[in-house]
Amino acid sequence: MPRRLLFIVSALAILSPAVCAAAPRASASQLTYSLRATAGIGVGEPGFGYRLGVAGEYWLSSVIGVGAQGGLARQAAILGDESAYEIAELTVGLRSSPGPTPVIASFGAGYAHVVHTQDRLCLDLNGNGCPPGAVTRFGRVAISGMLAWLAHPGATGFSIGPSLRFDIVFDAAGHTDGLVTFNIELGFSQLSRAPRSSSEVMSP
């Protein structure tokens, strides 16, 4: 795995316990589920790229949730190879609080369909055109991670926020492609009223 991807994975692994350890605070409304579109740009192996996707979570408790995500990503080196892949994954999430402005960390695993194009440097001096690069298609295991902050302006169902994501696809032979992106998350959520405490119920 490239060192820069290993660094990002390690950083998310260190930060996620901190997200989970934050004590949930009482809030007038609680986030029940969320569905968002994501778009981002970043860098990886073999080069610069972008990522488009959808993601969602359903929260089983004030801390833990489950979800799913899918995405399309493409990256290419300058005058080099290009990789494009489609990803479908199941995820497990942790959040800092059940309220409408949580910090969320999630980890996913699933399947990726990869199309790899091998670039061939060609100077078309005769005007006959350059031969296309060799294209290979194959399936790989995919893993991912995300660290995001979501806001719901005015405690509405509209959700927006930034996120840092990594995606890694690999096979049994040890071949890997990875991409780290900074994203904008945009979608909607279900906000439910928090249960009233016993002191609130008994107060006049």
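Strand 6 and strand 7, the latter spanning residues 158-170, pair in the antiparallel sense over eight bridges. That pairing is a handy place to enter this predicted model. If you want a single pair of residues to look at, take alanine 148, whose bridge partner in strand 7 is serine 163. Strand 6 also pairs with strand 5, again in the antiparallel sense, and here the count is 16 bridges. In that pairing, histidine 116 stands opposite threonine 136 of strand 6.

Now step back to the chain as a whole. The protein chain has two helices and eight strands. Read from the N terminus on, its elements run α-β-β-β-β-β-β-β-β-α. Among contacts with a separation of 6 or more, 62% are between residues 24 or more positions apart. Of the 204 residues, 39% count as buried. The chain exposes about 11,000 Å², and carbon and sulfur atoms supply 67% of that area.

What fills the interior? The largest nonpolar core has eight residues, namely Ala73, Tyr85, Ile87, Ala112, Val114, Ala142, Val169 and Leu179. Strand 4 (82-95) and strand 5 (103-118) each supply at least two residues of this core. There is also a second, separate core of seven residues, including Leu31, Trp59, Ile104 and Met146.

Alanine 142, a member of the largest core, is worth a visit of its own. Leaving aside neighbours within four places in sequence, alanine 142 is in contact with Ile87, Glu89, Gly108, Ala109, Gly110, Tyr111, Ala112, Ile168 and Val169. Three of those names may look familiar: Ile87, Ala112 and Val169 belong to the largest core as well.

Let us turn to charged side chains. How many salt bridges does a search of the whole structure find? The search finds six. One of them joins glutamate 57 and arginine 36, whose side chains meet at 2.8 Å, N to O. Glutamate 57 lies in strand 2 (residues 48-59) and arginine 36 in strand 1 (residues 29-45), so this salt bridge ties together parts that are 21 residues apart in sequence. Are these two residues buried or exposed? Glutamate 57 is buried, with a relative accessible area of 7%, and arginine 36 is buried too, at 2%. The pair also belongs to a wider arrangement, for Arg36, Glu57, Arg165 and Glu185 are linked in a network of salt bridges.

Another buried pair is found elsewhere. Arginine 140 forms a salt bridge with aspartate 177, with the closest N and O atoms 3.8 Å apart. Arginine 140 lies in strand 6 (residues 134-149) and aspartate 177 in strand 8 (residues 176-193), so here the parts tied together are 37 residues apart in sequence. The relative accessible area is 9% for arginine 140, which is buried, and 8% for aspartate 177, which is buried as well.

The salt bridge between arginine 74 and glutamate 82 has another setting. Their side chains meet at 2.5 Å, N to O. Arginine 74 is partly exposed, with a relative accessible area of 34%, and glutamate 82 is partly exposed at 28%.

Our last stop is strand 8, where two residues repay a closer look. Serine 189 has its place in this strand, and at 8% relative accessibility it counts as buried. A polar contact of 3.1 Å joins the side chains of serine 189 and serine 34. Apart from neighbours within four places in sequence, serine 189 is in contact with Leu31, Tyr33, Ser34, His152, Gly157 and Ser159. Of these, Leu31 is a member of the second core.

Glycine 187 is in strand 8 too. Glycine 187 counts as buried at 18% relative accessibility, since the cut-off for that label is under 20%. Once neighbours within four places in sequence are set aside, its contacts are with Leu35, Arg36, Gly157, Phe158 and Ser159. Arg36 brings us back to the salt-bridge network described above. Finally, compare sequence with space: glycine 187 and alanine 55 are 132 residues apart in sequence, while their C-alpha atoms are 9.4 Å apart.

How values were computed. Residues numbered from 1 in each chain as written. Predicted model: local features only at pLDDT ≥ 70, side-chain atom pairs only at ≥ 80, totals over all residues. Heavy atoms only, no water. Core = buried A, V, L, I, M, F, W, Y, C linked by side-chain atoms within 4.5 Å. Buried < 20%, exposed > 50% of the residue type's maximum accessible area, 1.4 Å probe, protein only. Helix = DSSP H or I, 4+ residues; strand = E, 2+ residues; numbered from the N terminus. Contact = heavy atoms within 4.5 Å. Salt bridge = Lys/Arg side-chain N within 4 Å of Asp/Glu carboxyl O. Polar contact = N/O pair within 3.5 Å; in protein donor to acceptor, adjacent residues only side chain to side chain. Pairing = 2+ DSSP bridges. Areas by Shrake-Rupley, 256 points an atom, 1.4 Å probe, with all protein chains shown as cover.
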